[in-house]
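Visitor: I'm new here and would love a close look at one small part of this model. Could you start with a single loop residue and work outwards?

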Amino acid sequence: MEGLITKSTGRYYLVRNNDGMVVNCTLKGAYRLQEAVSTNPLAVGDRIEFDFEENEQVGVIKSLLERKNYMIRKAINLSHKSQIIAANIDMAYLVVCLFNPRTSTGFIDRFLVTAEAYRIPVTLIFNKRDLYNVEALEIQEELMQLYQEISYECFSISAYNPDDVAKIKDLMSDRINLFSGHSGVGKTTLLNAINPTLNLKTASISKTHAKGVHTTTFAELFEVEKDTFIVDTPGIRDFGMYDLKKEEVSHYFPEMLKILNGCKFHNCLHLNEPECVVKAAVEAGIISASRYHNYLSILDGEDIYK
Ligand SMILES: Nc1nc2c(ncn2[C@@H]2O[C@H](COP(=O)(O)OP(=O)(O)O)[C@@H](O)[C@H]2O)c(=O)[nH]1
Ligand SMILES: [Mg+2]
Ligand SMILES: [Zn+2]
């Protein structure tokens with residue numbers, strides 16, 4: 001039987017089969033040993049095959065189906081090993097605000113780079129529209145245009161507006177969805193409006209970890225409605241920055257990736273190298289100054305969580 005892992009405690013996995021039945025599953029010992037690079041061989045979002053053995057109550061996981069993507073973070077206590085947080089994320093929603101609290105483009109671009117590196121598509125949700133006057137809405141419109149032009153879908157919403165909430169709910173349908181963004185931007189408000197019965201835990205999992213509670217350090221999938229899930233809720237720190245080589249960073253800026261084959265040097269960093277098409281595109285206003293600025297600060301290795 002095929003199933004989807006919705007929760008993991010390290011030893012047991014809650015697996016939801018295609019009929020919506022939830023089964024407690026274990027892993028075979030041999031399977032566990034195979035995996036050396038991560039502390040957990042399977043994570044929420046993984047699609048697996050399982051069988052019932054011996055008694056009918058508990059399933060045994062036989063195999064992992066191919067992942068389309070996954071997020072990791074470095075395991076804090078076990079050097080060289082990383083923890084898989086979640087797999088097969090169909091869409092990451094980055095919730096942002098113009099103010100109250102303000103989300104900087106630096107923060108947005110770092111998130112986008114990380115998501116590109118994980119091969120997770122991103123939709124930007126500009127929340128708290130109801131707070132903005134005409135000028136603020138104009139600024140927001142410019143930002144949305146900037147990101148739409150480089151292929152990220154953008155929505156301007158208020159979590160208090162039922163039509164807006166319905167629109168986001170529609171987008172999420174039949175997918176595994178992840179919500180991220182600064183504290184205070186309205187993630188919980190939006191998700192509770194989407195499904196008031198969710199009763200989401202709002203503290204990030206790393207906070208739980210810091211308190212020394214061992215059972216809930218793994219992410220969890222919540223079913224918003226049939227076949228529609230959200231990952232609860234890797235804080236932005238858990239959406240850890242990939243270890244990127246400097247030469248790779250521009251590959252995760254789609255507007256740079258499109259043209260960078262034209263640079264004279266294959267490992268061009270687009271700084272001051274001769275015949276750099278990226279730098280030329282910035283100077284011509286084809287690539288946005290803010291995107292290039294944030295590209296430079298990522299190259300510099302500035303703290304991604306500011
Ligand atoms: N005006 C306005 N306030 C909002 C909106 N969405 C959330 N808030 C408020 O912003 C604050 C933070 O929201 P919360 O959902 O806790 O943010 P989270 O930290 O991202 O989960 C709360 O006081 C919400 O009531 C919105 O669309 N408009
Ligand atoms: Mg919250
Ligand atoms: Zn270049």
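Why does Asp227 count as partly exposed?

Guide: First, this is a predicted model, where local features need pLDDT of at least 70, side-chain atom pairs count only at pLDDT 80 or more, and totals for chains, interfaces and linings use all residues. Residues are numbered from 1 along each chain as its sequence is written, while chains are lettered from A and ligands numbered from 1 in the order in which they are written.

Now your residue: Asp227 is partly exposed because 14 other C-beta atoms lie within 10 Å of its own (20 or more would be buried, 12 or fewer exposed, and in between is partly exposed, with C-beta atoms placed from the backbone). Look for Asp227 in the loop joining strand S12 (220-225) to strand S13 (228-232); helices (H or I, at least four residues) and strands (E, at least two) are DSSP runs, numbered from the N terminus. Asp227 has a little backbone quirk too: its phi is positive, about 65°, although it isn't a glycine.

Arg119 makes a nice companion to visit, since this non-glycine residue has a positive phi as well, near 60°. Arg119 sits in the loop between H2 and strand S9 (122-126). With 12 C-beta neighbours inside 10 Å, Arg119 counts as exposed.

Stay with H2 for a moment. Helix H2 (residues 105-118) and helix H9 (residues 289-299) have axes that come within 9 Å and cross at roughly 70°, which makes H2 roughly perpendicular to H9 (that label covers 65 to 115 degrees). On the other side of H2, the loop between strand S8 (91-96) and H2 holds Pro101. The peptide bond leading from Asn100 to Pro101 is cis, with omega near -5°.

From there, hop over to helix H3 (residues 134-149), home of Ile139. The C-alpha atoms of Ile139 and Leu98 are 8.4 Å apart, with 41 residues separating the two along the chain. Ile139 is exposed, having 12 other C-beta atoms within 10 Å. As for H3, its 16 residues reach 22 Å from first C-alpha to last, close to the 22 Å expected at 1.5 Å a residue (the expected span is 1.5 Å times one less than the number of residues). Just after H3 comes another positive phi, about 90°, at Ser151.

Conventions. Axes are lines fitted to C-alpha atoms, for helices over the stretch in contact, and angles run from 0 to 180 degrees between N-to-C directions. Angles under 35 degrees count as roughly parallel, over 145 as roughly antiparallel, 65 to 115 as roughly perpendicular and the rest as oblique.
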